[in-house]
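Colleague: I'd like to go through the nonpolar parts of this model with you. Could you show it to me?

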Amino acid sequence: MASLIESCWLYLITHFSDFQLACLGSFFLHESVFFLSGIPFIYLERAGWLRKYKIQMKNNTPASQEKCIIRLLLYHFGVNLPVMLASYPVFRHMGMQSSLPLPSWNVILTQITLYFILEDFIFYWGHRILHTKWLYKHVHSVHHEYATPFGLTSEYAHPAEILFLGFATIIGPAITGPHLLTLWLWMVLRVLETVEAHCGYHFPWSLSNFLPLYGGADFHDYHHRLLYTKSGNYSSTFTYMDWVFGTDKGYRKLQALKNAGVENGGKQM
């Protein structure tokens, strides 16, 4: 397996420059993973498949879904791509490389774990700041146009928010100067996580059912359903920041009521 990955990587670095791989390759990878993982939830919602796992019964209209896709393409090509191009010298200066040998899995996992910790901490506080009155009204309200989120709404946001919260995602790699492979794996994991958190479905196989402190769709859907002054649940991937600062109390009370209802229903049966 390792030799296969190295062979594929050797092909990439002999046919493309560092700049092409780090900028254009990263952009292509992001777009592919984002849209391929997010679009199926549009069709699930339209067709009504797996509806019993849908968190909210309300559906988005096809027009609102199409509006989201069009805006996303504008944001991605008008904001994300230029940022990737502009940040390339910074990452190179901090030590990012694409050459062989590839880093060990121990190095990759250690760095990605650090990225998750940093991203959770910075995203939580940045997200809370965006829920202050002025910033919510002028910036973050764009993201909350979709009270019933679906996968692609994860990156539907004001350009200022894209830059503001995007900092939480890139700060770890910017500090450590990882191998490009590590950066790509981190990006794929973050994209899949945020699409899943906004997908609008809570499945039996959802990670939040198995991974302690993992937020997932049910946790973040609660955040979208409520008014901005009362929402809570500001965390990104893991929920410990909300637990530490008590900003998930409303959600936990709701979960306790649901569990009590299930238990009482089971006893009556």
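Modeller: Sure, here is a chat about its cores and a surface patch. It's a predicted model, where local features need pLDDT of at least 70, side-chain atom pairs count only at pLDDT 80 or more, and totals for chains, interfaces and linings use all residues. Residues are numbered from 1 along each chain as its sequence is written, and side-chain values use heavy atoms, with hydrogens and water left out.

Colleague: What makes a set of residues a nonpolar core?

Modeller: Its members are Ala, Val, Leu, Ile, Met, Phe, Trp, Tyr or Cys, they are buried, and side-chain atoms within 4.5 Å join them. The largest one here has 45 residues, and Phe-34, Phe-41 and Leu-72 are among those with the most contacts inside it. H2 (18–47) is one of the helices that supply at least two of its residues; the largest share, 10 residues, comes from H2. Helices here are DSSP runs (H or I, at least four residues), numbered from the N terminus.

Colleague: Which residues is Phe-41 in contact with, leaving aside neighbours within four places in sequence?

Modeller: Gly-151, Val-195, Cys-199, Tyr-201 and Phe-203. Contact means heavy atoms within 4.5 Å.

Colleague: Why is Phe-121 called partly exposed?

Modeller: Buried means under 20% relative accessible area and exposed over 50%, with partly exposed in between (1.4 Å probe, protein chains only). Phe-121 has 45%, so it's partly exposed.

Colleague: Which nonpolar patch is Phe-121 in?

Modeller: The surface one it forms with Trp-125, Trp-243, Val-244 and Phe-245. Phe-121 itself is found in helix H4, while the largest share of the patch, 3 residues, comes from H9. Patch residues have over 30% relative accessible area and no salt bridge, with like charges joined within 9 Å and nonpolar side chains (Val, Leu, Ile, Met, Phe, Trp, Tyr) within 5 Å. A salt bridge is a side-chain nitrogen of Lys or Arg within 4 Å of a carboxyl oxygen of Asp or Glu.

Methods
Areas by Shrake-Rupley, 256 points an atom, 1.4 Å probe, with all protein chains shown as cover.
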